[in-house]
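Work through these exercises with the coordinates open. Try each task before reading its solution.

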Amino acid sequence: MKKSTIIFFTILGILSNAQNFKTKRGIVSLDGIHVAKIVNKSNTYTFLDLNETPMYTIEFVDKSIVDSVRDSYIKLNRVYNRDKVIEMDYISPSAFSGEEKSAVYTSIKGLKIIDNKGINIKNLDEIFKNVPKRKLDSKTKDAYTTRSKIDKMNIEVNKVGEILSNGVPVGYFTNLPVSFGSEDTISDKTFVDIEIYDAKSKLIGRYITTTKQLKTAGGKSFTLYREMSGRASILKYPTYKAIAERMAIMDPTFIKVQEKVTVGPVQKESAEK
């Protein structure tokens, strides 16, 4: 048999076994057969059997981790067990697919919990018994590591420009624009750099409003909030808190997380007789 003929029949076999799905008026069809129903509220999609019994939900999550890095995933939940929710990756038939189409496509192609007989409860239960691990790229993993470090610092900026970590003053901003105090974000493009100092008045770095760049006193630089398009669109201007957080990551000597609280010796006053 010629090679071209083999390739032809291979492609023909793949096409003949391909599952074509369609969702119309809340009914999911697979190869022309009605197999499930779907309803949505906000970004949560509930899948029902043909008797309209709810079986599971898929909720879409799109969140900012840190700076310009975002994470998009789904939360899968059995209707009868609301306490157990698992986070999973999802797949879409194309980059332009909406959430509903992605939810159906993931159910059929990725999770295989919808087939030509309807919702496959056995496969659905198996997912909750053996939860698949998410496949995060290195950029997203690094962002979560950074987020974890930032959360431990619990950084806040008060009304006078002081930077606090877990309630303790650790530094302050200078050269603040006139909008400071009334706005949390830095939208004023001044030609004077906003400077960050530690609690001992040592210069830690600067934020350049015209370029949205952070520069440490040691020479490191980072551009905050690069603008992106589509679902991954992000804030145009950074907050003072975001600047303090990023500066703490860029210069580890700026804020150190105190893992254990230490106190001096406690002296009890003797009661007078």
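**Exercise 1.** Which residues does Asp198 touch, not counting residues up to four places away in sequence? Then describe its surroundings.

*Solution.* First, the ground rules. This is a predicted model, where local features need pLDDT of at least 70, side-chain atom pairs count only at pLDDT 80 or more, and totals for chains, interfaces and linings use all residues. Residues are numbered from 1 along each chain as its sequence is written, and side-chain values use heavy atoms, with hydrogens and water left out.

Step 1. Asp198 touches Val170, Gly171, Tyr172, Ile204 and Phe254, with that sequence window excluded. Contact means heavy atoms within 4.5 Å.

Step 2. Place Asp198: it belongs to strand β13, residues 194-198. Strands (E, at least two residues) and helices (H or I, at least four) are DSSP runs, numbered from the N terminus.

Step 3. Check the charge. Asp198 is buried but has no salt bridge; Lys202, the nearest side chain of opposite charge, is 5.4 Å away. Buried means under 20% relative accessible area, exposed over 50%, partly exposed in between (1.4 Å probe, protein chains only). A salt bridge needs a side-chain nitrogen of Lys or Arg within 4 Å of a carboxyl oxygen of Asp or Glu. Lys and Arg count as positive, Asp and Glu as negative; His and the chain ends are not counted.

Step 4. Look at the backbone. A polar atom of the Asp198 side chain lies 2.8 Å from the backbone nitrogen of Lys202.

**Exercise 2.** Repeat the analysis for Asp49, in the loop between β4 (44-48) and β5.

*Solution.* Step 1. Asp49 is also buried without a salt bridge; the nearest opposite charge is on Lys37, 7.9 Å away.

Step 2. The backbone nitrogen of Asn51 lies 2.9 Å from a polar atom of the Asp49 side chain.

Step 3. Beyond four places in sequence, Asp49 touches Lys37, Met55 and Ile119.

**Exercise 3.** Test the length of helix α4 (residues 138-153), then find its buried side.

*Solution.* Step 1. The expected span is 1.5 Å times one less than the number of residues. For the 16 residues of α4 this gives 22 Å; the end C-alpha atoms are 23 Å apart, which agrees.

Step 2. The buried residues of α4 are Thr140, Ala143, Thr146, Ile150 and Met153. They cover an arc of only 125° around the axis, so they lie on the same side of α4. The arc uses directions from the helix axis to the C-beta atoms.

Step 3. Their cover includes β5 (54-66), β6 (69-78) and α5 (240-250).

**Exercise 4.** What phi does Asn154 take, just after α4?

*Solution.* Step 1. Asn154 has a positive phi of about 50°, although it is not a glycine. Most residues other than glycine have a negative phi.

Step 2. At 39% relative accessibility, Asn154 counts as partly exposed.

Technical notes: Polar contact = N/O pair within 3.5 Å; in protein donor to acceptor, adjacent residues only side chain to side chain.
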